[in-house]
Amino acid sequence: MTPNHRTQELWREEYPFASHHLAVPAGRLHFVDEGPRSRHAVVCVHGNPTWSFYYRHAISELSKTRRVIAVDNIGCGLSDKPQDWPYRLAGHIENLTLLIDHLGLDQVDLIVHDWGGAIGLGWAGAHAARVGKLVVTNTGAFPSPHFPVRLRLCRLPGLGALMIRGGNAFAGLALSMAASRPLSPLARAGLLHPYGNWHDRIATHRFVQDIPFGPGDASWETLLQVEAGLKSLASKEMLLLWGPRDFVFNDTFLGEFKTRFPSAAVRRYDWANHYVFEDARAECLAELRTFLGSAST
């Protein structure tokens, strides 16, 4: 066995969690559910091209005192990867809603990243009475004119599929483009694990295709609904953890969140990129411990 093969197997050392599944209309939704049983839980929602593995250190740390749930969006991670599902923002929000309802959670503290922002905050805005605290990291939940040319190229018919599904350009390049510090071999193997072939890269492509640039895009109206729902969250405690070297969710997005949530606590790590939980792991974990604390029920 070569070292590379061994490394590909050993990523589970950093992700030793039991798998759970929920049947949703699109297929089996995978999630992890760690820590003491409680109807008040921390729910982690990832983006593209990551999966619940991105939250592995937060899960391990917080589950010492909190119930922690981390979902794999359909098409991602260890969830099913249907080839004929629409992969729209509204569908991902609905899947999260089904999971939270299935688990009978009375109150939810959210941690969101990347597309997980629009998905998680989309759920939160529609269920504000059940929302506790919010941890928002390198994401957006509102329209923005800032979309780099590199993302637009990935949406071009034919070329986008060839790059993302054929060459694994999104998940592969993110290992260097989304982190300022070199990722460990186990982190690299874990982040890439679910996306090994054309079939399994369906969501990494469809997420890019679904970015709502303007009124003509399929998820534009859904994004406007997510934005409108932010008003119902204005009184919630929010912690913003940000990596400003992110070439997509840069300080423009951070500034927008600060404007909409002026009471939010802000931690901006100058050296950190899009994968802020990788680049500033110790700092982020310390903030999460303090901010989220323990739940009594």
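In this predicted model, the side chains of Met-238, Leu-240 and Trp-242 point one way from strand β7, while Leu-239 and Leu-241 point the other way, and all of these residues are buried. In a regular strand the side chains alternate between the two faces of the sheet. Strand β7, which spans residues 238-242, is accordingly described as mostly covered, with 5 of its 5 residues buried.

The strand has a pairing partner in β6 and another in β8, as set out below.

| Strand paired with β7 | Residues of that strand | Sense and bridges | Residues standing opposite |
|---|---|---|---|
| β6 | 131-139 | parallel, 4 bridges | Val-136 and Leu-240 of β7 |
| β8 | 265-268 | parallel, 4 bridges | Arg-267 and Leu-241 of β7 |

Between β7 and β8 the connection involves a helix: β7, helix α11 (residues 251-260) and β8 make a right-handed β-α-β unit.

The packing of the model can be followed through its nonpolar core. The largest nonpolar core has 97 residues, and those with the most contacts inside it are Leu-110, Ile-111, Leu-233, Phe-257, Phe-277 and Leu-288. Helix α4, covering residues 115-126, contributes the largest share of this core, namely 6 residues.

Which residues does Leu-233 touch, when residues up to four places away in sequence are not counted? Leu-233 touches Leu-121, Ala-124 and Gly-125, together with Ala-128, Val-131, Leu-134 and Phe-261. Among these contacts, Leu-121, Ala-124 and Gly-125 lie within the residue range of helix α4, whereas Val-131 and Leu-134 lie within that of strand β6.

Definitions and conventions. Residues numbered from 1 in each chain as written. Predicted model: local features only at pLDDT ≥ 70, side-chain atom pairs only at ≥ 80, totals over all residues. Heavy atoms only, no water. Core = buried A, V, L, I, M, F, W, Y, C linked by side-chain atoms within 4.5 Å. Buried < 20%, exposed > 50% of the residue type's maximum accessible area, 1.4 Å probe, protein only. Helix = DSSP H or I, 4+ residues; strand = E, 2+ residues; numbered from the N terminus. Contact = heavy atoms within 4.5 Å. Pairing = 2+ DSSP bridges. Right-handed = clockwise from strand over helix to strand, strands pointing away.
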